[in-house]
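User: I am new to this structure and would like a close look at one part of the picture, its charged side chains. Could you walk me through them?

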Amino acid sequence: MEFKAFASEKVVHMLDNCMTEIKNGVWHLDAINSHLLLEQVVLEDESYIGECFEEKGMDAEDDLYSYACMYLGNLQNRLLINDEDEDTKKSSKSEKQEKEFKYKSVFYMEMVLMDEKACVHKYPMAEDGLKIFCKVNENCLKAKVNLIKPIHVAAAMFELEVPVLKEMCGDLGISFKTAKGQFMKPQVYSIGIIPYNLSGFLNCLNDKVNPKKPCEILMRDKETEQLWNILLKMNKCNAVIIGEAGVGKSALIEKLTYDIVTGNCPDQFKGFTVINLDVNSLIAGTSYRGDSEERIKELIEFLEEHDTVILFIDEVHTILGAGSCFEGEMDLSNALKPILARGDTKVIGATTEAEYEAYFARDAALSRRFERIVVDEPEASKVYPMIKNKIRVLSSYHKVKISKAIVEYTIMIANCFAFDKKNPDKTLDLIDRSMVVASRRGLVEVNKECVLANFDIFYELYDGMGIDARKEVAYHEVGHYLVGKMSGKLTDIRMLAVSIMPAEDYLGVTCYEYRKDRMPFRNKDYYIDSLAFDLGGRVAEKKFRRDHTSGAGQDLDNATRLAFNIVTKYGMSSSNDERNNIFLNTPNYPMFSEKSKNLVNSEVQELINIAYKRAESIIDEYRELLELLVEKLLEKQIMSESELDRLCQNYIKRKKK
């Protein structure tokens, strides 16, 4: 048998050791079989059988080798036969009646291997040993691997469920199925740069990129440019991406990787590989002291040996304390600090603002080695152009189409019913679920009903509400919208939609976002209008019922908190007396004086009163528009920004005439 793949130096060494034992007559064998291979495989570090079994406290050079030798001895006894059984002559008395033995004939053939230096090696292989190498050859050809390694031999033995290996696992109290699973991973025959011993917690992001398809991640050009500029630095060329869950921190890395694979990157990064580190998997299973340190050491050695690697760590704050049992011990963050400072390895982390401040920023030596990149939630108008390639992928997967108009409708619905989550993730998730609904209904295209079907439970609640209850919610939400739209000072707020459909713990919602292209002068009048916006629903519903709901109570709570900050944090008192503008409200300088508390409370109450009157004046001025919007909202339940703006513009035009 002749191989097309080359044998690594370790594999040749294993087979040569087998031949040495055969020539020395250690086991009375004349060909390499599965038993003899097992003996060498368990001794070879690069087979990783020892590492797999060490979780059970086994030592490859002691326990496993002893068992392998024991099975070789058992084999020898089975293969040696008594001459008497073959009707041969008995030994002479001079030989003290000792029985003569001979070796059973075993079929074998010659296997030809070529090493990395193109030198030819020939080995006699027994049938079971040859079968193992046939499987190795088959697997290597499928995976396009041109170098046979010891781990490939071990994987083939598990795949074929070689009896001697299966028997040894049973005697050692090790689940053969579990052990086999360790060697069925794609990384065994991976042609990437990640060694198998690190494949449990490292994966190559380049392998996930298809350069023939367009990048699924669009826009984010500003953040990508920032990232390249940081990585091109000579020292401390590491970045930490900060943003809320769902805004696309990991997507930025996908875009970076795509640019590297397709060559649309700075020349210095052509040929680089982006590797993702899973910190939890790195630490998982390290029950013995020193295990995690060994893994971290192997990781650092790998990074130092490969200077064309960019390491990405999602939830990067978790590296603090990772791998240490006691405070003060070496953890992953401390192990990485030297290579982070030298600039030999480029590292990108991702985390949220809260976790960055709570954990990452507290380690000054670590945080100063990273430069921040803030990824904000995109404005609603930019969500569709950002996700349109991803929508094509979802459409191809579900075999369901979706129009641009329905996508924009989905963006609005996602803002109304999942406003606690962030775009673009919440919109993509809703599109994905809506396509599932359409597919299950036998439709070829998503419609509004498919989108809203994800919130049926809220429709049931709405159907159970009386007309007065619906009106009350409508007045409340339109009050918010109207005050925010007509205040004149809140130029940085864009009103997105108004809904009177119940969702989660609220009956209706007014969706808005802050515009990044506007920066108003935030003086006292601006904050008064902000307070009025919070109180607009409370004012409007009182016009309808002469009473307030719990939603109005929540609005008052929000307004009170803002008013408290206006007085104590921003120094904007309701009076003109500058002495009243000085209040200390920090952990180091708490307001414990009863006089201070009373003064602040009176200032807050005064601001609330002023804002309430401001909201009342807007509601009274646009009372006719308020009634019109309430009527339309009761009819449609949910109204988009464009629908609301059209009604407002038509009303203003009529008033001018």
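Analyst: Here is a walk through the charged side chains, with a short stop at the cysteines.

This is a predicted model, in which local features need pLDDT of at least 70 and side-chain atom pairs count only at pLDDT 80 or more, while totals for chains, interfaces and linings use all residues. Residues are numbered from 1 along each chain as its sequence is written, and side-chain values use heavy atoms, with hydrogens and water left out.

Let us begin with the pairs. Side chains of opposite charge can pair when their charged atoms come close. A salt bridge here is a side-chain nitrogen of Lys or Arg within 4 Å of a carboxyl oxygen of Asp or Glu, and the count comes to 27 salt bridges.

One of them joins Glu-513 and Arg-494, at 2.9 Å from N to O. This pair links distant parts of the chain, 19 residues apart: Glu-513 sits in strand E14 (residues 509-514) and Arg-494 in strand E13 (residues 493-499). Helices (H or I, at least four residues) and strands (E, at least two) are DSSP runs, numbered from the N terminus. Glu-513 counts as buried because its relative accessibility is 12%, and Arg-494 is buried too, at 16%. Buried means under 20% relative accessible area, exposed over 50%, and partly exposed in between (1.4 Å probe, protein chains only).

Glu-161 and Lys-166 also form a salt bridge, with their closest N and O atoms 3.1 Å apart. Here Glu-161 is partly exposed at 33%, and Lys-166 is partly exposed at 40%. Lys-636 meets Glu-643 in another salt bridge, at 3.1 Å from N to O; Lys-636 is partly exposed at 38%, as is Glu-643 at 21%. Elsewhere, Lys-135, Glu-138, Lys-142 and Glu-159 are linked in a network of salt bridges.

Now for charges that gather on the surface. Glu-51, Glu-294, Glu-301 and Glu-305 form a patch of negative charge. Patches are made of residues with over 30% relative accessible area and no salt bridge, like charges being joined within 9 Å and nonpolar side chains (Val, Leu, Ile, Met, Phe, Trp, Tyr) within 5 Å. Helix H12 (residues 291-305) supplies the largest share of the patch, three residues. Glu-51 has its place in helix H3 (residues 49-53) and counts as partly exposed because its relative accessibility is 38%.

Last, the cysteines. With a disulfide taken as a pair of cysteine sulfur atoms within 2.5 Å, the count comes to zero disulfides. Cys-215 is buried, at 13%, and Cys-450 is buried, at 0%.

Methods. Accessible areas come from the Shrake-Rupley method with a 1.4 Å probe; for residues, only the protein chains shown count as cover. Lys and Arg count as positive and Asp and Glu as negative; His and the chain ends are not counted. The place of a charge is taken as NZ of Lys, CZ of Arg, CG of Asp or CD of Glu.
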